[in-house]
Amino acid sequence: MDEIPDHLDHGLQIVFIGFNPSIRSGEVGHHYANPRNNFWRILHQSGLTPRLYDASEDGDLLKLGYGFTNIVARPTRGIDDITREEYQEGREMLRSKLEKYRPQIACFVGKGVYTEFSRRTKANWGFQGDVPPKVDGVREFVAPSSSGLVRMPMEEIVGIYRRLAEFTQENDG
């Protein structure tokens, strides 16, 4: 199955970073395409997007200043199918992408994605101000996974993403 292309550019406000694409995303070639994934609803409900987008429109979010990538590019059924070697290679590739494109914020979609990248054992929701960022000048924000398997109430998940939306609106321009 083909990897899903990143949507990255210079000057982005936020790059959303997932573990890896789902099988469904791999089939259709778009980020967060599994119908059980709440990513697009969360972005809209939190105020990050002005309307509800569809996974097929993922490339359009570049116009809003948002990009997409993953720590591992290979689509799998779940994170248990990702090897230690893939994580190691993914960490290095992700750091290179962040250094090249320098988004204002790297938003890790799930604590596990952040801990795999940072090699920290724990993280709090929101900005990681207690540790220096892995890439100078790129603020790190940890948000809940948007997977339909997450047990956290949707209202709580949206509230954490809303903090990101409020920060970007306050610091826009």
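Arginine 102 is partly exposed, with a relative accessible area of 43%, where partly exposed denotes the range between buried (under 20% relative accessible area) and exposed (over 50%), computed with a 1.4 Å probe and protein chains only. This residue belongs to the loop between helix 3 and strand 3 (105-109), the elements being DSSP runs numbered from the N terminus, with helices (H or I) of at least four residues and strands (E) of at least two. Its phi is near 50 degrees, a positive value in a residue other than glycine.

The model is predicted, so that local features need pLDDT of at least 70 and side-chain atom pairs count only at pLDDT 80 or more, while totals for chains, interfaces and linings use all residues. Residues are numbered from 1 along each chain as its sequence is written, and side-chain values use heavy atoms, with hydrogens and water left out.

**Backbone and loops after helix 4**

A positive phi is also found at arginine 119, about 70 degrees, although this residue is not a glycine. Arginine 119 sits in the loop between helix 4 and strand 4 (126-127), and threonine 121 is found in the loop between helix 4 and strand 4 as well. Threonine 121 is exposed, with a relative accessible area of 76%. Between the C-alpha atoms of threonine 121 and asparagine 171 there are 30 Å in space, for a separation of 50 residues in sequence.

**Salt bridges**

A search of the whole structure finds 8 salt bridges, each defined as a side-chain nitrogen of Lys or Arg within 4 Å of a carboxyl oxygen of Asp or Glu. Side chains of opposite charge can pair when their charged atoms come close. Among these salt bridges are the following pairs.

| Acidic partner | Basic partner | Distance, N to O |
|---|---|---|
| Glutamate 57 | Arginine 51 | 2.7 Å |
| Glutamate 86 | Arginine 74 | 2.6 Å |
| Glutamate 116 | Arginine 84 | 3.2 Å |

In the pair of glutamate 57 and arginine 51, joined by a salt bridge of 2.7 Å (N to O), arginine 51 counts as partly exposed at 37% relative accessibility.

The side chains of glutamate 86 and arginine 74 meet at 2.6 Å, N to O. Because glutamate 86 lies in helix 3 and arginine 74 in the loop between strand 2 (66-70) and helix 3, this pair ties together parts that are 12 residues apart in sequence. Glutamate 86 is buried, with a relative accessible area of 19%, whereas arginine 74 is partly exposed at 32%. Arginine 74 can also be placed relative to glycine 59, which is 15 residues away along the chain, with a C-alpha separation of 19 Å.

Which parts of the chain does the pair of arginine 84 and glutamate 116 link? The salt bridge between these two side chains, 3.2 Å from N to O, links distant parts of the chain, with arginine 84 in helix 3 and glutamate 116 in helix 4, 32 residues apart. Arginine 84 is partly exposed, with a relative accessible area of 47%, while glutamate 116 counts as buried at 13% relative accessibility. Salt bridges that share partners join Arg84, Arg91, Glu116 and Arg119 into one network. The position of glutamate 116 is in helix 4 (residues 111-118), and its side chain also makes a polar contact with the side chain of arginine 84 at 3.2 Å; a polar contact is a pair of N or O atoms within 3.5 Å in which, within protein, one must be able to donate a hydrogen and the other to accept it, and residues adjacent in sequence count only if both atoms are side-chain atoms.

**Buried loop positions**

Asparagine 37 is placed in the loop between helix 1 (23-28) and helix 2 (39-46) and counts as buried at 17% relative accessibility. Its side chain is joined to that of serine 146 by a polar contact of 2.7 Å.

Leucine 48, in the loop between helix 2 and strand 2, counts as buried at 5% relative accessibility. Its C-alpha atom and that of arginine 162 are separated by 7.3 Å, although the two residues are 114 residues apart along the chain.

**Surface charge**

Asp2, Glu3, Glu89 and Glu92 gather in a patch of negative charge on the surface. Such patches are made of residues with over 30% relative accessible area and no salt bridge, like charges being joined within 9 Å and nonpolar side chains (Val, Leu, Ile, Met, Phe, Trp, Tyr) within 5 Å. Of the patch members, glutamate 89 lies in helix 3 (residues 84-101).

Technical notes:
Accessible areas come from the Shrake-Rupley method with a 1.4 Å probe; for residues, only the protein chains shown count as cover. Lys and Arg count as positive and Asp and Glu as negative; His and the chain ends are not counted. The place of a charge is taken as NZ of Lys, CZ of Arg, CG of Asp or CD of Glu.
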